[in-house]
Amino acid sequence: MSARHFLSLMDCTPQELSGLIRRAIELKDLRKRGVLFEPLKSRVLGMIFEKASTRTRLSFEAGMIQLGGQAIFLSPRDTQLGRGEPIADSARVMSRMLDAVMIRTFAHSTLTEFAAHSQVPLINGLSDDLHPCQLLADMQTFAEQRGSIQGKTVAWVGDGNNMCNTYIEAAQQFDFQLRVACPEGYEPKARFLDAAGDRVQIVRDPREAVRGAHLVSTDVWTSMGQEEETAKRLKLFAPYQVNRALLDAADPTVIFLHCLPAHRGEEISEDLLDDPRAFAWDQAENRLHAQKALLEMLVAPAFAQP
Ligand code: CP
Ligand code: NVA
């Protein structure tokens with residue numbers, strides 16, 4: 001039961017995280033040059049999706065195949081998980097057959113419960129609290145475009161959701177200042193804010209948040225599982241749209257990132273992803289490279305020959 005898990009950025013040291021970003025950039029280069037690199041031959045990743053996904057599923061599945069292994073997609077609809085088999089039992093069984101597991105779920109406790117009973121590494125593919133794989137891609141994208149993020153200022157505009165919580169952890173691990181602009185009542189969770197101390201500042205005015213910022217990011221106003229709040233959120237978050245004029249108030253070198261999927265006309269203006277300061281497509285691609293670096297680190301080297 002001593003497997004190493006990745007449920008949060010806090011499961012790695014800052015040095016390991018910087019190493020993962022450097023490795024992701026190397027793996028991206030290998031792929032662009034058409035070099036075959038298959039250190040995970042015969043390794044199998046199980047992927048449990050309790051919520052929808054395009055990028056996370058594709059990047060993990062393609063990543064495992066490119067590294068020489070395989071990925072198996074599992075949904076609660078077609079497994080005993082959906083019929084009430086306990087998480088702990090599922091973890092015991094699955095981890096005897098697989099080399100690593102990725103879970104996208106609602107309650108973060110599903111991940112901690114699975115991890116406690118898993119013999120193999122568990123990766124958080126998004127929970128209601130955190131989305132650490134996305135932040136690996138975001139940090140890689142910033143590094144590629146602007147170099148080190150250490151000492152820089154990042155602005156999060158909109159909902160204090162799972163992505164925002166993860167930016168708070170990233171601020172501590174990658175050593176940057178974070179300003180969060182959100183409406184009252186939609187702040188990130190207190191436990192993340194408390195752990196970050198004065199690295200994170202909450203403001204109400206998006207212009208105040210982005211002033212001098214080197215990276216601006218936002219996300220949908222209604223996350224998966226909150227669909228019944230959509231109408232209320234649309235109204236409340238309207239002053240928090242990120243558009244070209246808002247980016248003009250940031251540092252001249254600012255880049256804009258969005259984890260996607262995006263709702264144009266809501267959290268971003270119709271034209272924002274076409275702005276030269278936006279790097280959302282590179283960011284999406286980097287999910288593949290960053291997670292390959294993560295899989296390489298977590299999944300043991302190839303089996304010895306008999
Ligand atoms: N950004 C992200 O996690 O996208 P998916 O929901 O498509 O996986
Ligand atoms: N906050 C969003 C992120 C999707 C990638 C959600 O949880 O739905």
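Here is a friendly set of questions and answers about a predicted model.

Reader: What does the secondary structure of the chain come to?
Author: Happy to start there! This is a predicted model, and the elements named here are helices and strands. The count for the chain is eleven helices and nine strands.

Reader: Which radius of gyration does the chain have, and why does it agree with a compact globule?
Author: Begin with the length, which is 306 residues. A compact globule with that many residues would have a radius of gyration near 19 Å, so the chain agrees with the rule. Along its principal axes, the C-alpha trace spans about 60 × 45 × 35 Å. The radius of gyration of the chain is 19 Å.

Reader: How much of the chain is made up of buried residues?
Author: A residue is called buried if 20 or more other C-beta atoms lie within 10 Å of its own. Of the 306 residues in the chain, the buried ones make up 47%.

Reader: Among contacts between residues at least 6 apart in sequence, what share joins residues at least 24 apart?
Author: Good one, as this is about how distant parts of the sequence meet. Take the contacts in the chain between residues at least 6 apart; those joining residues at least 24 apart come to 75%.

Reader: Which strands stand at the edges of the five-stranded sheet?
Author: This open sheet has the order β7-β6-β5-β8-β9, with parallel pairing. Two of these strands have a single partner strand each, so one side of each is left without a neighbour in the sheet. From one strand to the next, the twist averages 20°. The edge strands are β7 (200-203) and β9 (255-258).

Reader: Which helix packs on that sheet, touching β8 and β9?
Author: Let's look at the two strands before the helix. Strand β8 (residues 215-218) pairs with β9 in the parallel sense over four bridges, and T218 stands opposite H258 in β9. The helix that touches them has a direction at about 160° to that of β9. That helix is α5 (residues 132-146).

Reader: How many of the residues in strand β5 are buried?
Author: In a regular strand the side chains alternate between the two faces of the sheet, so we can check each face in turn. On one side of β5, T153, A155 and V157 are buried, and on the other V154 and W156 are buried. For β5 (residues 153-157), the number buried is five of its five residues.

Reader: Which residue in β6 stands opposite A155?
Author: Strand β5 and strand β6 (residues 177-181) run parallel, joined by five bridges. Opposite A155 in β6 stands R179.

Reader: What is the order of the strands in the four-stranded sheet?
Author: This sheet is open and its pairing is parallel. Here β2 (70-74) and β4 (122-124) have a single partner strand each, so they stand at the edges. Neighbouring strands are turned by 20° against each other on average, direction ignored. The order is β2-β1-β3-β4.

Reader: In β4, which residue is the bridge partner of I103?
Author: Strand β3 (residues 100-104) runs parallel to β4, and three bridges join them. The bridge partner of I103 in β4 is N124.

Reader: Are α2 and α11 parallel, perpendicular or oblique to each other, and why?
Author: Helix α2 (residues 55-66) and helix α11 (residues 280-298) pack with their axes 9 Å apart, at an angle of about 50°. Among the residues making the contact are F60 and M64 of α2 and L288 and L295 of α11. Angles of 65 to 115 degrees count as roughly perpendicular and those under 35 as roughly parallel, so an angle between these ranges fits neither. The two helices are therefore oblique.

Reader: Is E267 buried or exposed?
Author: E267 is found in the loop between β9 and α11. Residues that E267 touches include G158, D219 and W221. With 22 other C-beta atoms within 10 Å, and 20 or more needed, E267 counts as buried.

Reader: And is T13 buried or exposed?
Author: T13 lies in the segment before α1 (14-32). T13 and K232 are 219 residues apart in sequence and 39 Å apart in space, C-alpha to C-alpha. T13 has 10 other C-beta atoms within 10 Å, and 12 or fewer makes a residue exposed, so T13 is exposed.

Notes. Residues are numbered from 1 along each chain as its sequence is written. Chains are lettered from A and ligands numbered from 1 in the order in which they are written. This is a predicted model: local features need pLDDT of at least 70, side-chain atom pairs count only at pLDDT 80 or more; totals for chains, interfaces and linings use all residues. The radius of gyration is taken over C-alpha atoms; the globule rule is 2.2 Å times the number of residues to the power 0.38. Two residues are in contact if their C-beta atoms, placed from the backbone, lie within 7 Å. Two strands pair if DSSP finds at least two bridges between them. Axes are lines fitted to C-alpha atoms, for helices over the stretch in contact, and angles run from 0 to 180 degrees between N-to-C directions. Angles under 35 degrees count as roughly parallel, over 145 as roughly antiparallel, 65 to 115 as roughly perpendicular and the rest as oblique. Lists of a residue's contacts leave out its neighbours within four places in sequence.
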